[in-house]
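Trainee: Please give me a close look at one part of this model, the second largest pocket, and place it against the other spaces that the calculation reports.

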Amino acid sequence: MCSLLSIALLLVLGAWADRASAQRAAAPPASEIEVVQLRPNFYVIGGAGGNILVQTGPEGVILVDSGSTARADEVLATIRRLTPLPIRYIINTSMDADHVGGNDVLSKAGLSILPGAVAAGAGLGDDVLANFGYASVLAHENVLTRMSSAEPPIPSSLWPTKTFFYRMYSMYLNGEGIQIIHQPAAHTDGDVIVFFRRGDVIATGDIIDTTRFPFIDVERGGTLQGELDALNQLMDLSIHNVPLLWYPDRTLLVPGHGHAYDKLDLLEYRDAITVVRDRVQDGIDQGLTLAQVQAANPTLGYRSQYGTDSGPWTTEMFVAAVYNELATKQDR
């Protein structure tokens, strides 16, 4: 009798285990989205592609970048948990898919900062100022140019709805002066940094990527020199907590990927890239080929922190971009 009961019990437990296993397999994967609060009204949403900076205030929500298309609904749900206020602006730091992929979903979930009546009274079409009632998507003109001519085509619903073509675009929302500053020929030719002056927070886009050496997208107008110029401008805009070093007050920089930086982190990142550039230049001056320069490991001392041997942008690719740019200048 005991043997029969044991067999029955084992069968029941086995069936329960099979059911539990099937339920686990059918369950959706746990969300990788995480939120870090930088200031009382500043948050970073990570795990949705590129980092998304969220600023909240009386006028509503301002986003810097929108993450990937696949994660857009999760991002929207995350923003709704942070605040019930409407999304008013999305500012794109570049044309990368993991920075603009949520433009459509997030802008349509928001509300224009300017009613249609205001746009009409100004003699401008609703599509120009009010984006048909949705939140505006702002970027540099080069972002729209490249997205609208991309192959394969990028859906027009992801394109920016408002662009500027000069050095800087400024606005004042949520009691905050906001400067969107073009960084020509850095990661791409459409990069901007977004400086929230009162909050002392700067969104850098992929000009800074704490997970790897910066991606110099040569095909879309990126250059090493432009990258260094952008990092130097960020150095000028950033302030460290001196002389009261025990206070937490300081400029915070939100990179395109990875964790937030302060000025000392930025200094180390900028200097690492500068040292690698100088080492590659020394190799070129000695007549070394690209293969010889790479074999000499010009990223020594920094590879463990910023290097990667897999993925779409490796350390070898970074060194090759640096070498090719410097060698081209040498030939002129």
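Mentor: A pocket here is an open set of grid points with protein on both sides within 12 Å along at least five of seven lines, whereas a cavity is a set of points from which a 1.4 Å probe cannot get out. The model is predicted, and in it the second largest pocket has a volume of about 160 Å³.

Three strands each supply at least two residues of its lining: E1 (34-39), E2 (42-46) and E12. E1 gives the largest share, three residues, and these are Glu 34, Val 36 and Leu 38. Val 44 and Gly 46 come from E2, while Val 254 and Pro 255 belong to E12 (252-257). The lining is completed by Gly 47, Asn 51, Gly 258, His 259 and Ala 260. By class, this makes six nonpolar, five polar and one charged residues. The charged residue is Glu 34.

Some of these residues also face the largest cavity. Asn 51, Val 254 and Pro 255 occur in the lining of the second largest pocket and in that of the cavity. The cavity encloses about 40 Å³, and the count is one cavity of 30 Å³ or more. Its other lining residues are Leu 53, Val 64, Asp 65, Ala 203, Thr 204, Gly 205 and Gly 256. Strand E11 (201-209) and strand E12 each contribute two or more residues to that lining. Its classes are five nonpolar, four polar and one charged, the charged residue being Asp 65. E12 is thus named for the cavity and for the second largest pocket.

The largest pocket, with a volume of about 200 Å³, is built from other parts of the chain. Helix H3 (97-100) and helix H7 (141-148) are the elements that give two or more residues to its lining. The residues are Met 95, Asp 96, Ala 97, Val 100, Gly 101, Arg 146, Met 147, Ala 150, Ile 154, Leu 158 and Arg 220. Seven of them are nonpolar, one is polar and three are charged. The charged residues here are Asp 96, Arg 146 and Arg 220, against the one charged residue in the lining of the second largest pocket.

Note on methods:
Residues are numbered from 1 along each chain as its sequence is written. This is a predicted model: local features need pLDDT of at least 70, side-chain atom pairs count only at pLDDT 80 or more; totals for chains, interfaces and linings use all residues. Side-chain values use heavy atoms; hydrogens and water are left out. On a 1 Å grid over the protein atoms alone, a cavity is a set of points where a 1.4 Å probe fits but cannot get out, and a pocket is an open set with protein on both sides within 12 Å along at least five of seven lines; lining residues have an atom within 4 Å of a point. Grid points are joined across faces, edges and corners, and a volume is the space filled by probe spheres set on the points. Helices (H or I, at least four residues) and strands (E, at least two) are DSSP runs, numbered from the N terminus. Ala, Val, Leu, Ile, Met, Phe, Trp, Tyr, Cys and Pro count as nonpolar, Asp, Glu, Lys and Arg as charged, and the others, Gly among them, as polar.
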